[in-house]
Amino acid sequence: MDALLDPIVISGEVGLRKPHAPIYELILDRLELTAERTVFVDDAEPDVLGARAVGMRALLHTHAASTREALAVLVPDLPRQPPAA
């Protein structure tokens with residue numbers, strides 16, 4: 001899972017905050033991806049709207065199962081169920 005979360009951007013370290021565009025642009029630069037090739041998930045609607053404003057696909061997280069289902073539509077190879085413990 002750690003490999004999926006790299007790079008990590010901590011707002012206090014970079015001096016940028018969501019939902020302002022520069023923080024999303026910074027992470028896109030670090031990922032070396034265009035906004036259209038990313039999915040942003042957050043539980044705060046202003047942050048989701050900020051990501052969408054820079055062209056990212058973004059999901060508002062309200063429940064694990066619904067978020068996983070929405071991600072599975074966008075990322076077909078993603079398992080629909082969490083791995084068994």
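What covers the buried residues of H3? In this predicted model, the cover includes H2, S1 and strand S2 (57-60). Keep helix H3 in mind as you read, since Asp47 lies in that helix and also belongs, with Lys18 and Asp42, to a network of salt bridges. The points below take you through the helices, the core, the charged network, the backbone and the surface.

**Helix H3 and its buried face**

- Four residues of H3 are buried: Asp47, Val48, Gly50 and Ala51.
- Looking down the axis of H3, you would find its buried residues within an arc of 160 degrees, so they line one face of the helix.
- Here is a handy idea for reading any such pattern: an α-helix has 3.6 residues a turn, so residues three or four places apart point the same way.
- Just after H3 comes Gly55, which takes a positive phi of about 100 degrees.

**Helix H4 and its buried face**

- Helix H4 covers residues 64-74, and in it Thr67, Leu71 and Ala72 are buried.
- The buried residues of H4 fall within an arc of 140 degrees when seen down the helix axis, so they too line one face.
- Strands S1 and S2 are what these buried residues of H4 pack against.

**The nonpolar core**

- Nine residues make up the largest nonpolar core: Ile23, Tyr24, Leu28, Ala35, Phe40, Val48, Ala51, Met56 and Ala58.
- Two elements, H2 and H3, give two or more residues to this core.
- H2 provides the largest share of the core, with three residues.
- Ala35, one of the core residues, touches Leu28, Val54, Gly55, Met56 and Arg57, leaving aside residues up to four places away in sequence.
- Val48 and Ala51 appear in the core list, and both are also among the buried residues of H3.

**Leu26 and its contacts**

- Leu26 is found in helix H2.
- Its contacts are Val9, Val14 and Leu16, not counting residues up to four places away in sequence.
- Leu26 and Val14 are 12 residues apart in sequence, and their C-alpha atoms are 9.1 Å apart in space.

**The salt-bridge network**

- How many salt bridges does a search of the whole structure find? The search finds two.
- One of them joins Asp42 to Lys18, with the closest N and O atoms 2.8 Å apart.
- This pair links distant parts of the chain: Asp42 sits in strand S1 (residues 39-42), while Lys18 sits in the loop between helix H1 (11-14) and helix H2 (21-31), 24 residues apart.
- In the other, Asp47 pairs with Lys18, and the closest N and O atoms are 3.7 Å apart.
- Asp47 lies in helix H3 (residues 45-53) and Lys18 in the loop between H1 and H2, so this salt bridge ties together parts that are 29 residues apart in sequence.
- Are the partners buried or exposed? Asp42 is buried, with a relative accessible area of 9%, and Asp47 also counts as buried, at 11% relative accessibility.
- Lys18 is partly exposed, because its relative accessible area is 37% and the partly exposed range runs between 20% and 50%.
- Beyond its salt bridge, Asp47 has a wider set of contacts: it touches Lys18, Pro19, Tyr24, Phe40 and Asp42, again not counting residues up to four places away in sequence.

**Backbone details to look for**

- Which residues does a cis peptide bond join? The bond joins Lys18 and Pro19, and its omega is about 10 degrees.
- Pro19 has its place in the loop between H1 and H2.
- Glu32 has a positive phi of about 60 degrees although it is not a glycine.
- You can find Glu32 in the loop between H2 and S1.
- Glu32 is exposed, with a relative accessible area of 71%.

**A nonpolar patch on the surface**

- Leu5, Ile8 and Ile10 form a nonpolar patch on the surface, and together they have about 290 Å² of accessible area.
- Leu5 belongs to the segment before H1.
- With a relative accessible area of 46%, Leu5 is partly exposed.

How values were computed: Residues numbered from 1 in each chain as written. Predicted model: local features only at pLDDT ≥ 70, side-chain atom pairs only at ≥ 80, totals over all residues. Heavy atoms only, no water. Salt bridge = Lys/Arg side-chain N within 4 Å of Asp/Glu carboxyl O. Buried < 20%, exposed > 50% of the residue type's maximum accessible area, 1.4 Å probe, protein only. Arc of directions from axis to C-beta. Contact = heavy atoms within 4.5 Å. Core = buried A, V, L, I, M, F, W, Y, C linked by side-chain atoms within 4.5 Å. Patch = residues over 30% accessible without salt bridge, like charges linked within 9 Å, V, L, I, M, F, W, Y side chains within 5 Å. Areas by Shrake-Rupley, 256 points an atom, 1.4 Å probe, with all protein chains shown as cover.
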